[in-house]
Amino acid sequence: MKLFMALCFLVVPACIVGQTTTYTDIVAGLTAKGHYTTFLDLLNTTGFISRINSSSHFTVFAPTDDAFAKLPSDALDQIKNDPARLNEVVGYHVTFNTFYVHGTQQDVVLKSSNNLPIRINTYSILHTVTADGVRIIEPNITFTRGYVHGLEAVLTPPRKTVMQYILNRTDISTFTSWVVDSNLINFITDDDDVTVFIPNNAAFQKLSAETHTYLNSHPSVIQEILRYHIVSTMTVFSAGMKDSLTLTSADAHHDELMVLGEIHVRDVSTQPTYCYLQGGLQVNHAKIVEKDISTLDGVIHIIDSVLIPYRTLVSIADQGIVVG
């Protein structure tokens, strides 16, 4: 396994190599590429082609035809049949600034044409650059006034902050109430690049009654547990996770979280080549049951168990309590 990992990470990714052809027209350029036909159709339907071609600067994040094929069978038709939604989705893939991917950007936030953040992250050890957590698989298609970056999935425009999202989702209400009662709302909202692993309500039900009683009488311990679910000042999407990756939590001792998962390598006969995790992602012992919920100020992952720092587990066990 160690040899495989070393070989995998020594691959020089094509994704940071600029292309040689420069196009003048968005239609001609993407037509020449041959695998952006669906996105071109949507650009044409919404009138963005003329806006892009007449702009002095632009960057377009273009999902491939394969990206649209990954959507549920009726999802694309639903978008097409809702003009407001169509303009929102397409507009989120366009920004009227020039952005060149060079593989060193981390939490760089661009503003889309509809004034929503597009977050760029580089996960160098995985040779991966993402736009709002979606891998950029064909970067820097060069035009005279900008760039197009090919995506392996369709972007979903974020509409809420982390706190706005969790306050309106009932299946994570226990975590939310703990955050509110522990006065951690500002701790989360003051961070523009936050990653939060949120246990669902079922996760809290795994804890024993004695553990809940102990925690309810120790509010400072609850706050420490909550902060252990947070990675501050860095957004970590699943595309940036690798097996044995450690993340520094925001608790008082900056205890580490460890990502666990099965390692895969993308087809080495094509470029770019990189390693990535697929399937059963975990953070510590908790399974990530819903990943990459992009927000205006970070990313959320829903997990199926409560994360408790080791020293806290020992303190609870010292009371003769079985955690669950």
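The questions and answers below deal with the predicted model shown above. Residues are numbered from 1 along each chain as its sequence is written, and side-chain values use heavy atoms, with hydrogens and water left out. Because the model is predicted, local features need pLDDT of at least 70 and side-chain atom pairs count only at pLDDT 80 or more, while totals for chains, interfaces and linings use all residues.

Reader: How many helices and strands does the chain have?
Author: Helices (H or I, at least four residues) and strands (E, at least two) are DSSP runs, numbered from the N terminus. The secondary structure of the chain comes to 14 helices and 17 strands.

Reader: Which strands stand at the edges of the seven-stranded open sheet?
Author: Two strands pair if DSSP finds at least two bridges between them. The order is β10-β9-β17-β16-β15-β12-β11, with mixed pairing. Each edge strand has a single partner, so one of its sides is left without a neighbour in the sheet. The edge strands are β10 (230-231) and β11 (246-248).

Reader: Which residue of β10 stands opposite T195?
Author: Strand β9 covers residues 194-199. Two bridges join β9 to β10, and the two run antiparallel. Opposite T195 in β10 stands V231.

Reader: Is I136 buried or exposed?
Author: Buried means under 20% relative accessible area, exposed over 50%, and partly exposed in between (1.4 Å probe, protein chains only). I136 is found in strand β7 (residues 134-143). Its relative accessibility is 4%, so I136 counts as buried.

Reader: What separates the C-alpha atoms of I136 and L151?
Author: Contact means heavy atoms within 4.5 Å. Leaving aside neighbours within four places in sequence, I136 is in contact with residues including F61, V101, H149 and L151. I136 and L151 are 15 residues apart along the chain, and their C-alpha atoms are separated by 4.7 Å.

Reader: Which residues touch the most other members of the largest nonpolar core?
Author: A nonpolar core is a set of buried Ala, Val, Leu, Ile, Met, Phe, Trp, Tyr and Cys residues joined through side-chain atoms within 4.5 Å. The largest one has 32 residues. Elements that each supply at least two of them include α8 (162-167), α9 (173-181), β9 and β17 (298-303). The residues that touch the most other members are I166, F175, I198, L215 and I300.

Reader: How many residues are in the other core?
Author: This core lies apart from the largest one. Among its residues are L40, F58, A62 and L86. The count is 25 residues.

Reader: Which residues are linked with E88 in a network of salt bridges?
Author: A salt bridge is a side-chain nitrogen of Lys or Arg within 4 Å of a carboxyl oxygen of Asp or Glu. R85 meets E88 at 2.6 Å, N to O, and R159 meets E88 at 2.8 Å. The network with E88 links R85 and R159.

Reader: How many residues apart in sequence are the parts that R159 and E88 tie together?
Author: R85 and E88 are three residues apart in helix α7 (residues 83-92), about one helical turn. R159 lies in the loop between β8 (146-151) and α8. With E88 in α7, the R159 pair therefore ties together parts separated in sequence by 71 residues.

Reader: Of R169 and D171, which is partly exposed?
Author: Their side chains meet in a salt bridge at 2.6 Å, N to O. R169 has a relative accessible area of 16%, so R169 is buried. At 32% relative accessibility, the partly exposed residue is D171.
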